[in-house]
Amino acid sequence: MKKYLQIEYMKIKGNSSFKVFTLLFLILMPIIIIVLPSYFKDGLFGLGREDSYPFMPRTASSTWYYTTYIASWFSFYLLSFIIIFHITNEYAAKTVRQNIIDGYSKLDYLKSKIGMVVFMATTATAYVFIIGLIAAMYFKGNQPDPSTQMPDLASMMAGDMSNQSAVLEFGGMFDGILFILGYYIQVLAYFTVAVLVSMLVRKGALAVLLFFGIFFINMILSGIISMQGFEDILIYLPFNSFSTLLPNFDIEFLIFGLGEMETLSVTTVVVSTAYIALFIFLTKVIFYKRDVV
Amino acid sequence: MAEILEIKNLSKKYGNFIAVDNLSIKINSGEVFGILGPNGSGKTTTLGMLLGVINESSGSYSWFGKSDFENCRKQIGSILEHPIFYPELTAYRNLEIASMIKGCDKARIDIVLERVGLLDRKKSNYNTFSLGMKQRLALASALLSNPDVLVLDEPTNGLDPEGINYMRELILSIAAEGKTIIISSHLLDEIQKMCSHVAILKNGKLIKTGSIASILSDKKHFEINSNQSDFEDKLMSLPIITSCVKESSYYLITCSENVDSEEINKVFFNEGIVLNHLVLHKESLETEFLNLVQ
């Protein structure tokens, strides 16, 4: 596997889209997770609204939640594109075929790509973990105001924010660390979808369209299923199960610090892992069945 | 001689179109084997199947007598169609990737670059190379693992005469080391200069295979002439002659049997004709190829 990863790194390191997307991921994510919350701690643009910045951690678990939630969007839009463009560029330049001619078997080639996405997901997760840890340590220093009361939702909805504090409470620093596992599975799932669509259509722009196409079809299907009243089965749709790994934005929790943070669901983990296995299997079937052109 | 490659009834279909039709060929160790055919005759598709990048529709092939191709991959160095490398990487880095895939020693990189005359350009980016240099780099890549067999698809395609000559000499020097070389081309003169054996394809079908010498000697052509007035009439009535074309100063005849000049002379003498011009007409592969494919 080390050899496959070394080869993939040699191939990708000169690629400009890899450099741009990686830099954006590495720089923008900590800005949103750490720099902006600390800057807007006293309210967005100094307007005195302490909670006007949406990603303000209040508890350790919310820190891990925000970190992984924001990172998941970066992974969806940036890191998945690295994979799509890396694979489709190989098809465009016919280096896939050359790799096979040079001595890779089809299985070797697949292993190198799957190895690459697992490595990228692991590295991204490690980076997100470090960012989350820094955020947790940083915001832990913001002790809650002892006079802080749990806010009255109705009064706050009416605009009375006087009792609200930016940082309400902080438990153990690793509360909510399971979201890191959710992020890892989610990012791996997005990456396997990226590999599948890239090998299916073999053209960069088409693969990006299909990647989003699947996402939107999933959304439409979710809407239809919800309207039919079968909400219990929504979790079994691929993108629903992936996104539920990091529960959807709870605006009430987010702005007012109310309610319970959802935890990682075992069912979602199982369903998502099953989809990852299915996508890898489908990729293999497509790659083996077709000529390498 | 050991058998390097055996192709048995190999076919490739794209829908209703048959690109390669029931192809069977044997190639022995040490041969420089040319696969000839006009554009679209199935040469590249055949090589693609033999190199594992195109799935065969039916039939089989075995390299080195083994049906498991995966274990033979690294004994075969190949160029398919045109050179393919990572454009933003240097020649050295590209060969480094190939050497890691092939699992060969990186020390071979400088050796093969020197062999193809690119050692001084090893740090240059691939996208700065001319077509000739790209072809040579592709050959260097194919030689990295010091393979027993080289498969070269159109290795001189697009090169200028100097480039063609350089590549030809390079291939011949590799062949002189006893390596088996399989070349596909539609440049007949090149094939005739480099190959010991040839297979001619048309519309995916094998129409002729064998050593170049045997293919060219299957039918012999002679330039003949006589001063006798009834020569032309008698010429057309001889069963041994399958075709006759009048050139400016002689008749060019093709014989149905593998006969030599002495026998031709005897046949005409028995008919009462004394030939005053009898020359074995040296056939080119190009003429034979055109006869076969048209």
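What share of the 293 residues of chain A count as buried? In this predicted model, the share of chain A residues that count as buried is 40%, and in chain B, with its 294 residues, 39% count as buried.

## The two chains

Chain A holds 11 helices and zero strands, and from the N terminus on its elements run α-α-α-α-α-α-α-α-α-α-α. Chain B, for its part, has 10 helices and 13 strands, and its C-alpha trace spans about 75 × 40 × 35 Å along the principal axes. Among the contacts in chain A with a separation of 6 or more, 78% are between residues 24 or more positions apart, while for chain B the corresponding figure is 70%.

## Where the chains meet

Between the chains, 22 residues of chain B are in contact with 20 residues of chain A. On the side of chain B that touches chain A, the largest share comes from H2(B), which supplies seven residues, and by class the residues of this side comprise 11 nonpolar, four polar and seven charged.

Helix H2(B) takes part in two helix packings, one with a helix of chain A and one with a helix of its own chain. The table sets out their geometry.

| Helix pair | Angle | Distance between axes | Crossing |
|---|---|---|---|
| H1(A) and H2(B) | about 160° | 10 Å | left-handed |
| H2(B) and H3(B) | about 125° | 10 Å | right-handed |

The first pair joins helix H1 of chain A, residues 2-12, to H2(B). Because angles over 145 degrees count as roughly antiparallel, H1(A) and H2(B), packed at about 160°, are therefore roughly antiparallel to each other. From H1(A) the contact draws on A:Lys3, A:Gln6, A:Ile7, A:Met10 and A:Lys11, and from H2(B) on B:Arg93, B:Glu96, B:Ile97, B:Met100 and B:Ile101. Sorted by class, the residues of this contact are five nonpolar, one polar and four charged.

The second pair lies within chain B, where H2 covers residues 91-102 and H3 covers residues 107-115. With an angle of about 125°, H2(B) and H3(B) are therefore oblique to each other. Here B:Ala91, B:Tyr92, B:Leu95, B:Glu96 and B:Ser99 of H2(B) meet B:Arg108, B:Ile109 and B:Leu113 of H3(B), and this contact is made up of five nonpolar, one polar and two charged residues. B:Glu96 thus appears in the contact with H1(A) and also in the contact with H3(B).

## The nonpolar cores

Which residues have the most contacts inside the largest nonpolar core? That core has 75 residues, and those with the most contacts inside it are B:Ala140, B:Val151, B:Ile182, B:Ile183 and B:Ala199. The largest share of this core, six residues, is provided by helix H4 of chain B, which covers residues 131-143.

One of these residues, B:Ile183, can be followed further: apart from its neighbours within four places in sequence, B:Ile183 is in contact with B:Val32, B:Gly34, B:Leu152, B:Pro155, B:Ile191, B:Met194 and B:Cys195. A second core, separate from the largest, has 57 residues, and A:Phe76, A:Leu79, A:Ala121 and A:Ala135 are among them.

How values were computed
Residues numbered from 1 in each chain as written. Chains lettered and ligands numbered in written order. Predicted model: local features only at pLDDT ≥ 70, side-chain atom pairs only at ≥ 80, totals over all residues. Axes fitted to C-alpha atoms, helices over the stretch in contact; angles between N-to-C directions. Helix = DSSP H or I, 4+ residues; strand = E, 2+ residues; numbered from the N terminus. Parallel < 35°, antiparallel > 145°, perpendicular 65-115°, else oblique. Left-handed = near helix turned anticlockwise from the far one by under 90°. Contact = placed C-beta atoms within 7 Å. Nonpolar A, V, L, I, M, F, W, Y, C, P; charged D, E, K, R; others polar. Core = buried A, V, L, I, M, F, W, Y, C linked by C-beta atoms within 7 Å. Buried ≥ 20, exposed ≤ 12 C-beta atoms within 10 Å, placed from the backbone.
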